[in-house]
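Biologist: I am new to this structure and should be grateful for a close look at a single part of it. Please take one residue as the starting point and continue from there to its surroundings.

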Amino acid sequence: MIAGVLGGLAGSIAGFASVATYPALLAVGLPPVAANVTNTVALVFNGIGSAWGSRPELAGQWGWLARSAPVAALGGGAGATLLLTTPADAFEKLVPILLGVASVAIVIPRRPGPAGGARRRGAVAAEFLAIFGIALYGGYFGAAAGVLFLAMLLHLGSASLAHANAAKNVLLGLANTVAALIFVVLAPMHWPQMIALGAGGLLGARLGPIVVRHTPATPLRILIGVAGLVLAVRLGLQAYRAG
């Protein structure tokens, strides 16, 4: 449960939930695929807690989120399907690169873009493609998928880090929920571990948005970016040494 609380906090603040929860499941003896499946289902509770804690920042975003929700849901379902039908290391070499780019993007201040309507017309296809791709990765494995969402949302013009974080929590939570529904039916599930992680994650995720709301945005962005780069290097060493 402690790993769940830490994962909930890390996930709702920066998108690093699986960095705490997935190794905890491996440490108690679950094989990798079963640990990934159990972790994804437990992260549904992170999504609930995060959305609950992010209600002030979600005001005014529901229209855009409603349009983006089907894309995130499809991506999460596609990722879960890939996990069950492809080799488990399919994304290993790509993930460190994506995570490194996203971590740098979070640190770099965004430039003011064109007016909302013009930007939306010119970028909507690429925007939805990015949402689908990140949600697919979230449904497949998901370590630091929230960092990818956070970088994308910041550079799409979210009003603040807290607003981007709130939207990230909803989209990633939806992708995890769809993937979890598939896993519950088709994949090996370890219920005691899932319940413990889920309960801790619900608590930690509820507190995370409060931390973001009251922490200066620039230091927090830098901290998230540096942590993401460290994780990218670690995952890259593991993937390319194994290859």
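Biologist: Is Gly60 buried or exposed?

Modeller: The model is a predicted one. In it, Gly60 is exposed, because its relative accessible area is 81% and the cut-off for that class is over 50%. The residue sits in a loop, with helix 4 (55–58) on one side and helix 5 (62–85) on the other. A partner from another part of the sequence can be named as well: His163 is 103 residues away from Gly60 along the chain, yet their C-alpha atoms are 9.8 Å apart in space.

From this loop the account may pass to the enclosed spaces. Searching the whole structure gives 2 cavities of 30 Å³ or more. The second largest cavity holds about 30 Å³ of space. Its lining consists of Ser54, Glu57, Ala162, Asn165, Ala166, Pro209, Val212 and Arg213. At least two of the lining residues come from helix 9 (161–186), and at least two from helix 10 (191–214). By class, the lining of this cavity comprises 4 nonpolar, 2 polar and 2 charged residues.

Helix 10 deserves a further word. Its 24 residues, at 1.5 Å each, should span 34 Å, and this agrees with the 35 Å between its end C-alpha atoms. The buried residues of helix 10 are Met194, Leu197, Gly198, Gly200, Gly201, Gly204, Ala205, Gly208, Pro209 and Val212. Among them, Pro209 and Val212 are buried and also belong to the lining of the second largest cavity.

There is an open space to describe too. The second largest pocket contains about 290 Å³ of space. Two or more of its lining residues are supplied by each of helix 6 (95–107), helix 7 (116–140) and helix 8 (145–156). Helix 7 contributes the most, with 6 residues. In total 15 residues line this pocket, and those nearest its centre are Leu98, Ala130, Gly133, Ile134 and Leu148. The lining of the pocket has 14 nonpolar residues, 1 polar residue and no charged ones.

Finally, a record may be set beside the model. The unreviewed UniProt entry carries the annotation "transmembrane region" for residues 64–84, 90–108, 128–154, 166–187 and 218–237. In the model, residues 128–154 are 85% helix and 0% strand, with end C-alpha atoms 15 Å apart. Residues 218–237 are 100% helix and 0% strand, and their end C-alpha atoms lie 29 Å apart.

Key
Residues numbered from 1 in each chain as written. Predicted model: local features only at pLDDT ≥ 70, side-chain atom pairs only at ≥ 80, totals over all residues. Heavy atoms only, no water. 1 Å grid on protein atoms, 1.4 Å probe; cavity = no way out; pocket = protein on both sides within 12 Å on 5 of 7 lines; lining within 4 Å. Points joined across faces, edges and corners; volume = space filled by probe spheres on them. Helix = DSSP H or I, 4+ residues; strand = E, 2+ residues; numbered from the N terminus. Nonpolar A, V, L, I, M, F, W, Y, C, P; charged D, E, K, R; others polar. Buried < 20%, exposed > 50% of the residue type's maximum accessible area, 1.4 Å probe, protein only. Expected span 1.5 Å × (residues − 1). UniProt positions renumbered as here; feature names shortened; annotations may be inferred.
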